[in-house]
Amino acid sequence: VSGLPSPQRMHELAMALHKDAHDSVGMDKIVARKRAKLLAASAAEGHAAATAELGVCYLHGAGVAQDY
């Protein structure tokens, strides 16, 4: 028990950050980094959707160094 939310919950939080950021002016770098960290933690626990979303982050350099 690491005190982290479940992988599903971390993915939900990351997606909420994404939606909130795009509903306003756009995703700033701080929000993008937080989202990428949540997705990475969830992906590390085996959450498939988080893994896919994290791949998109790497593709576009959103919160992480672009790597394609």
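The points below go through the fold, the helices, the core and a few single residues of this predicted model.

1. Overall make-up. The chain contains three helices and zero strands, and its pattern along the sequence reads α-α-α. Of the 68 residues in the chain, 22% are buried. The accessible surface amounts to about 4500 Å², with 59% of that surface belonging to carbon and sulfur atoms. When contacts between residues at least 6 apart in sequence are taken, 44% of them join residues at least 24 apart.

2. Helix 2. This helix covers residues 29-44, and its 16 residues reach 22 Å from the first C-alpha to the last, close to the 22 Å expected at 1.5 Å a residue. Its buried residues are Ala32, Arg35, Ala36, Leu39, Ser42 and Ala43. Viewed down the helix axis, these buried residues fall within an arc of 130°, and so they line one face of helix 2. The face turned away from that buried side carries the exposed residues Lys34, Lys37 and Ala44. After the helix comes Gly46, which has a positive phi, near 95°.

3. Arg35. Special attention goes to this residue of helix 2, since a charged side chain may invite a check of its surroundings. Arg35 counts as buried because its relative accessible area is 4%, against a cut-off of under 20%. Its side chain makes a polar contact with the side chain of Glu53, at 2.7 Å.

4. Helix 3. Running over residues 48-60, helix 3 has 13 residues and reaches 19 Å between its first and last C-alpha, which is close to the 18 Å expected at 1.5 Å a residue. Ala50, Leu54 and Cys57 are buried in this helix, and they cover an arc of only 50° around the axis, so they sit on the same side of helix 3. A general property of the α-helix is relevant to such a pattern: there are 3.6 residues a turn, so residues three or four places apart point the same way. On the other side of helix 3, Ala48 and His60 are exposed. The residue that follows the helix, Gly61, has a positive phi, near 70°.

5. The nonpolar core. The largest nonpolar core is made of eight residues, namely Ala14, Ala36, Leu39, Ala43, Ala50, Leu54, Cys57 and Val64, and the elements that give two or more residues to this core are helix 2 and helix 3. Within this core, Leu54 may be singled out: apart from its neighbours within four places in sequence, Leu54 is in contact with Ala36, Leu39, Ala40 and Ala43.

6. Gly63. This glycine lies in the segment after helix 3. Is Gly63 buried, partly exposed or exposed? With a relative accessibility of 24%, Gly63 counts as partly exposed, because buried would require a value under 20% and exposed a value over 50%. Leaving aside neighbours within four places in sequence, Gly63 is in contact with Ala32, Arg33 and Ala36. Gly63 and Lys37 lie 26 residues apart in sequence, while their C-alpha atoms are 8.2 Å apart in space.

Methods:
Residues are numbered from 1 along each chain as its sequence is written. This is a predicted model: local features need pLDDT of at least 70, side-chain atom pairs count only at pLDDT 80 or more; totals for chains, interfaces and linings use all residues. Side-chain values use heavy atoms; hydrogens and water are left out. Helices (H or I, at least four residues) and strands (E, at least two) are DSSP runs, numbered from the N terminus. Buried means under 20% relative accessible area, exposed over 50%, partly exposed in between (1.4 Å probe, protein chains only). A polar contact is a pair of N or O atoms within 3.5 Å; within protein, one must be able to donate a hydrogen and the other to accept it, and residues adjacent in sequence count only if both atoms are side-chain atoms. The expected span of a helix is 1.5 Å times one less than its number of residues. The arc is that of the directions from the helix axis to the C-beta atoms. A nonpolar core is a set of buried Ala, Val, Leu, Ile, Met, Phe, Trp, Tyr and Cys residues joined through side-chain atoms within 4.5 Å. Contact means heavy atoms within 4.5 Å. Accessible areas come from the Shrake-Rupley method with a 1.4 Å probe; for residues, only the protein chains shown count as cover.
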